[in-house]
Amino acid sequence: MKPVIFGLSGETLTPDERAFFAEADPAGYILFKRNIADRAQVRALTDDLRSLHGRDDLLIMIDQEGGRVARMQAPVWPSFPSGAIFDRLYDGAPSSAIAAAYANAHAIALTLAEVGITVDALPLLDVRQDGASDIMGDRTLGAEPMRVAALGRAVLEGLAAGGVVGIVKHMPGHGRALVDSHLELPVVTADAQALESDLSPFHTLRSAPMGMTAHVVYTAWDADRPASLSPAVIGGIIRERIGFDGLLMSDDLDMKALKGSIPDLAAGVVAAGCDLALNCWGRMEDMVGIAEKLPEMSDLSRARLDRAMASVTRAGEQPPLEQLLATRDQLLEPVAG
């Protein structure tokens, strides 16, 4: 198995993709809007991927945060709010905010599990900072580390209740970035003491099954390399200081924060300590190059993958989706509108 997550070009596998994926045997896949039409189509696609690899617990992930980051959209699927609304409710009613975040995540999980998606890139544990780039903005769960951790835990537990694995992101924290890492490389110059608040939610939720790195340079830890490519940040900060021992994937290698060929970047993030490289765009030339550059997945990374995918089970009868949405909306009513 290759330590990589690949994207797909469309709503069904092409013959070239089918042959390549069968040979390369990636650890998993990520879906985008281009891969999604309706429930029957998405379910057929995910079933096809599972059949191709003979793995019922295949990692098939999506970015379904809610708000401006939603790959599965209305009218086929419900609209989900961004993280900021739970932060606003927490101001006056912390327990209600936690319950609303849980119900919302549980509802998201039901919509994903129904179509065979097993992993969601949620929750964001980035602590929002004044003056930072709006790329995080209303996607975050707040500016106070304890609140972010409390709401993040509710999201992880809600996803798990619906049978979906959550990913804590963007380790070790994207909340101070002054520019959008999709477009250029952010450099954070805060000292190690100030960065403790960024690490705090990740440390609190260090037992999460999966994590995703940030394409951000932190000069206090490694002035030369972004976290995704830094053994010092991955080993010294994420693994040791935070204490995270779950499956760690890079953020998307195609983001303009990173420089170099996509295959070289994939090899670089794995060499730096990521368990998996994330390559989203489904370009065959890049994917073939990645498969040639990457080693086989290590035993430790495979154990982390297996542990993460076994961390949730849909045990017992699930509540109706409409009930979860109604519960969420009732709780959010004081800050809605």
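A pocket is an open set of grid points, placed over the protein atoms alone, with protein on both sides within 12 Å along at least five of seven lines. The close-up views below are all taken from a predicted model.

**View 1. The largest pocket and the residues around its centre.** In this predicted model, the largest pocket has a volume of about 410 Å³. Its lining is made up of 24 residues, and those that lie nearest the centre of the pocket are Asp63, Arg71, His182, Asp252 and Met255. Two strands, β7 (165-171) and β11 (247-252), each contribute at least two residues to this lining. Sorted by class, the lining of the largest pocket contains 10 nonpolar, 4 polar and 10 charged residues.

**View 2. The largest cavity and its lining.** The structure holds 2 cavities of 30 Å³ or more, and the largest cavity encloses about 130 Å³ of space. It is lined by 15 residues, of which Glu65, Gly83, Leu122, Leu141 and Val155 are the closest to its centre. Strand β4 (64-66) and helix α4 (94-114) each supply at least two residues of this lining, and α4 gives the most, with 3 residues. By class, 9 of the residues that line the largest cavity are nonpolar, 4 are polar and 2 are charged.

**View 3. The second largest cavity, beside helix α10 in the lining.** The second largest cavity has a volume of about 70 Å³. The residues that line the second largest cavity are Met1, Ala27, Arg55, Asp57, Leu58, Leu59, Arg302, Leu305, Asp306 and Met309. Helix α10 (residues 299-309) gives the most to this lining, with 4 residues. When the lining residues of the second largest cavity are divided by class, 6 are nonpolar and 4 are charged, while no polar residue is found among them.

**View 4. Aromatic rings that form pairs and a cluster.** A pair of aromatic rings is described by the distance of the centres and the angle of the planes. The count for this structure comes to 6 aromatic pairs, among them the tilted pair of Phe20 and Phe21, whose ring centres are 5.7 Å apart and whose planes meet at 50°. Both Phe20 and Phe21 are buried, and together with Phe6 and Tyr29 these two residues form one aromatic cluster.

**View 5. The stacked pair of Phe32 and Trp281.** The rings of Phe32 and Trp281 form a stacked aromatic pair, with 5.3 Å from centre to centre and 25° between the planes. Because Phe32 lies in the loop between β2 (26-31) and α2 (39-53), whereas Trp281 lies in the loop between β12 (276-279) and α9 (284-293), the pair ties together parts that are 249 residues apart in sequence. With a relative accessibility of 9%, Phe32 counts as buried, whereas Trp281, at 40% relative accessibility, counts as partly exposed.

**View 6. Two cysteines, Cys274 and Cys280, that are in no disulfide.** A search of the whole structure finds 0 disulfides. For Cys274, the nearest cysteine sulfur is that of Cys280, which is 13 Å away, and because a disulfide requires two cysteine sulfur atoms within 2.5 Å, a distance of this kind does not qualify. Cys274 is buried, with a relative accessible area of 3%, and Cys280 likewise counts as buried, at 3% relative accessibility.

Definitions and conventions: Residues numbered from 1 in each chain as written. Predicted model: local features only at pLDDT ≥ 70, side-chain atom pairs only at ≥ 80, totals over all residues. Heavy atoms only, no water. Phe/Tyr/Trp six-rings, centres within 6.5 Å; stacked < 30°, edge-to-face > 60°. Buried < 20%, exposed > 50% of the residue type's maximum accessible area, 1.4 Å probe, protein only. 1 Å grid on protein atoms, 1.4 Å probe; cavity = no way out; pocket = protein on both sides within 12 Å on 5 of 7 lines; lining within 4 Å. Points joined across faces, edges and corners; volume = space filled by probe spheres on them. Nonpolar A, V, L, I, M, F, W, Y, C, P; charged D, E, K, R; others polar.
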